[in-house]
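I opened my notebook for a walk through this structure, with a few helices, a cavity and some single residues to look up. Here is what I wrote down as I went.

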Number of protein chains: 2
Amino acid sequence: MYVVKTIAEVRAHVAAWRKQGKTVGLVTTMGYLHEGHQSLIKKSVEENNRTVVTIFVNPMQFGPTEDLESYPRDLEKDLKLCEETGARLVFAPDPEEMYEEGFVSYVDMNGLTNHLCGLSRPIHFRGVCTVVNKFFNIVQPDRAYFGQKDAQQLAVIKRMVKDLNMNVEVIGCPIVREEDGLAMSSRNTYMDEKEHKAALILSRSLLLGKKIINDGEKDPKKVTEKMIELINSEPMAEIDYVEIVNNETMEAVDKIQGEILCAIAVKINNKVRLIDNFIMNVR
Amino acid sequence: MYVVKTIAEVRAHVAAWRKQGKTVGLVTTMGYLHEGHQSLIKKSVEENNRTVVTIFVNPMQFGPTEDLESYPRDLEKDLKLCEETGARLVFAPDPEEMYEEGFVSYVDMNGLTNHLCGLSRPIHFRGVCTVVNKFFNIVQPDRAYFGQKDAQQLAVIKRMVKDLNMNVEVIGCPIVREEDGLAMSSRNTYMDEKEHKAALILSRSLLLGKKIINDGEKDPKKVTEKMIELINSEPMAEIDYVEIVNNETMEAVDKIQGEILCAIAVKINNKVRLIDNFIMNVR
């Protein structure tokens, strides 16, 4: 496995693979890899001859009051996981390599980002779109893999690729959970045992929502009300949003029908903001 | 020469050429082609095995009060010019092919666009960046050719390609002028003979500016003052801007030194807005 810090080296490796007719998969990450990331790398290794993993805590997608500085990092452990899982190249650039002096361009969208996480993180998706656009241009992969946990991010990237005619297939992969149901996240490490237990309220509320919809409820308000009630029963939990939206447009739905996304964001102990969701196809 | 209207057809032709190891040049236009465009196509034909020309009046780069509807069109004449000049493929999509239902993404920048034409055409460069980004992704050319007449557009596209790590070489080509000095533009056809004569004030004022700088003037204000005075002597001319800026950042300079761009925009007879410029490398 190669570990490189410059765009030129990435291009050189990929160009050599292309000459040999190899297909290339890409997994973009902010590092501190867990089994969720690993499932993406695995999928890419299965479906492509070569897999590139990027490890880059992207300053552009953090708000001024967010956790850019404290975001957990452990490159050595990450590289071990990448190698064991079958990645061929890890690209771990410094911020200066990605954002050269005089950098002014960005990719953004007029819809999809002004809902859910886009509301409490107003510049987040501009940062995500821009850096993913750059990684797609640097690696020019056949396929790129993203976790369903960041459902809005996945929808946004799919839309960007479609709108800008980027030549890459974007593949969403299922949420990976700890045994107790908590969705894997690098930010889970911010929590102590008590907070971790309190955080189970996220997956529990989603199970409740799923059950109510399976029982035939079509009114999204009636579903989210029950979920909100349950989350509020946990003293450490503070709701950012509990929403049922169209899974393509991210717009709130009046009626539960078609492919819907039920997404929640909850702050635990006023410390760590967690997200979780499920997708459902409803007749 | 192939003439196609769908992205899929473009991709199929280019993929076939790529398999044969051919290089590809791209010239993006809004049609109504003149000798300026032709010089770009010629250059591309010289430097690449295959040349693609796009003809698309891009709605996204026109402001609500601008000339989108009346912008001149003559596809038949354009195709003849492309064929005679050696283009292999013309891509002339309908707006619906470029902007599908639900289109929301865009490419823009925080600098470079808030000067010169960006001031009087606030959404113009977002439209230009977005459509050029799309064409680059659709064609994936080795090289793309742009006229120096749209100096700010050229700087913006170079910056976008650099910032977003797009794998294409952007090549600027000299301004082509009519015999009397008027810079070639599709919008020249809006003018009658009298207005055309009045419009010569643009190239004349640039010649004056050039002469003053060549004579050693380092103060940009002293140069532009004289140019403004000359332009104002033409009753049909109304100045939008007369500026001397850094040719990379598009920011106004305090001193004439290094690679500067002297750019002007002038409205003739309150009817047609023309731009012209020169670049100079000053010790």
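Before the first entry I fixed my cut-off: I call a residue buried when its relative accessible area is under 20%. I also reminded myself that this is a predicted model.

**Entry: A:Ser44**

I started with A:Ser44, which I found in helix α2 of chain A, residues 35–47. Is A:Ser44 buried or exposed? Its relative accessibility came out at 0%, so A:Ser44 counts as buried. Leaving aside neighbours within four places in sequence, I listed its contacts as A:Gly25, A:Leu26, A:Val27, A:Thr51 and A:Tyr145.

**Entry: B:Leu26**

Next I went over to chain B, where B:Leu26 belongs to strand β2, residues 24–29. B:Leu26 is buried, with a relative accessible area of 0%. Beyond its neighbours within four places in sequence, I noted contacts that include B:Ser44, B:Val52, B:Thr54, B:Phe135 and B:Tyr145. I also checked B:Leu26 against B:Ala265: the two are 239 residues apart in sequence, and their C-alpha atoms are 27 Å apart in space.

**Entry: helix α3 of chain B**

Staying in chain B, I looked up helix α3, residues 75–85, and found B:Asp78, B:Leu79, B:Leu81, B:Cys82 and B:Thr85 buried. Looking down the axis of α3(B), I saw these buried residues fall within an arc of 160°, so they line one face of the helix. What do they pack against? I wrote down β1 (2–4), α2 (35–47), β3 (50–55) and β4 (89–91) of chain B. The face turned away from the buried side of α3(B) carries B:Glu76, B:Lys77, B:Lys80 and B:Glu84, which are exposed. After α3(B) comes B:Gly86, and I noted its positive phi, near 110°.

**Entry: helix α9 of chain A**

Back in chain A, I tested the length of helix α9, residues 220–232. At 1.5 Å a residue its 13 residues should span 18 Å, and the end C-alpha atoms are 18 Å apart, so expectation and model agree. The buried residues of α9(A) are A:Pro220, A:Val223, A:Thr224, A:Met227, A:Leu230 and A:Ile231. Seen down the axis of α9(A), they fall within an arc of 120°, so they line one face. My side note on this pattern: an α-helix has 3.6 residues a turn, so residues three or four places apart point the same way.

The buried residues of α9(A) pack against α8 (193–214), β8 (237–246) and β9 (258–268) of chain A. On the other side of α9(A), I found A:Lys221, A:Glu225 and A:Glu229 exposed. The N-terminal end of α9(A) is capped by A:Asp219, with a side-chain oxygen 3.0 Å from the backbone nitrogen of A:Lys221.

**Entry: cavities and strand β10 of chain A**

How many cavities of 30 Å³ or more does the structure hold? I counted 2. The largest cavity has about 50 Å³ of space. Among the residues lining the largest cavity are A:Lys149, A:Leu182, A:Leu202, A:Leu274 and A:Asp276. Strand β10 of chain A, residues 272–282, gives the most to this lining, with 3 residues.

I ended on A:Asn277, also found in strand β10 of chain A. A:Asn277 is buried at 4% relative accessible area. A polar atom of its side chain lies 3.1 Å from the backbone oxygen of A:Gln148, and the side chain of A:Asn277 reaches the backbone oxygen of A:Lys149 at 2.9 Å. Among its other contacts beyond four places in sequence I noted A:Ala151, A:Ile175, A:Arg177 and A:Leu206.

Definitions and conventions
Residues are numbered from 1 along each chain as its sequence is written. Chains are lettered from A and ligands numbered from 1 in the order in which they are written. This is a predicted model: local features need pLDDT of at least 70, side-chain atom pairs count only at pLDDT 80 or more; totals for chains, interfaces and linings use all residues. Side-chain values use heavy atoms; hydrogens and water are left out. Helices (H or I, at least four residues) and strands (E, at least two) are DSSP runs, numbered from the N terminus. The expected span of a helix is 1.5 Å times one less than its number of residues. Buried means under 20% relative accessible area, exposed over 50%, partly exposed in between (1.4 Å probe, protein chains only). The arc is that of the directions from the helix axis to the C-beta atoms. Contact means heavy atoms within 4.5 Å. A polar contact is a pair of N or O atoms within 3.5 Å; within protein, one must be able to donate a hydrogen and the other to accept it, and residues adjacent in sequence count only if both atoms are side-chain atoms. On a 1 Å grid over the protein atoms alone, a cavity is a set of points where a 1.4 Å probe fits but cannot get out, and a pocket is an open set with protein on both sides within 12 Å along at least five of seven lines; lining residues have an atom within 4 Å of a point. Grid points are joined across faces, edges and corners, and a volume is the space filled by probe spheres set on the points.
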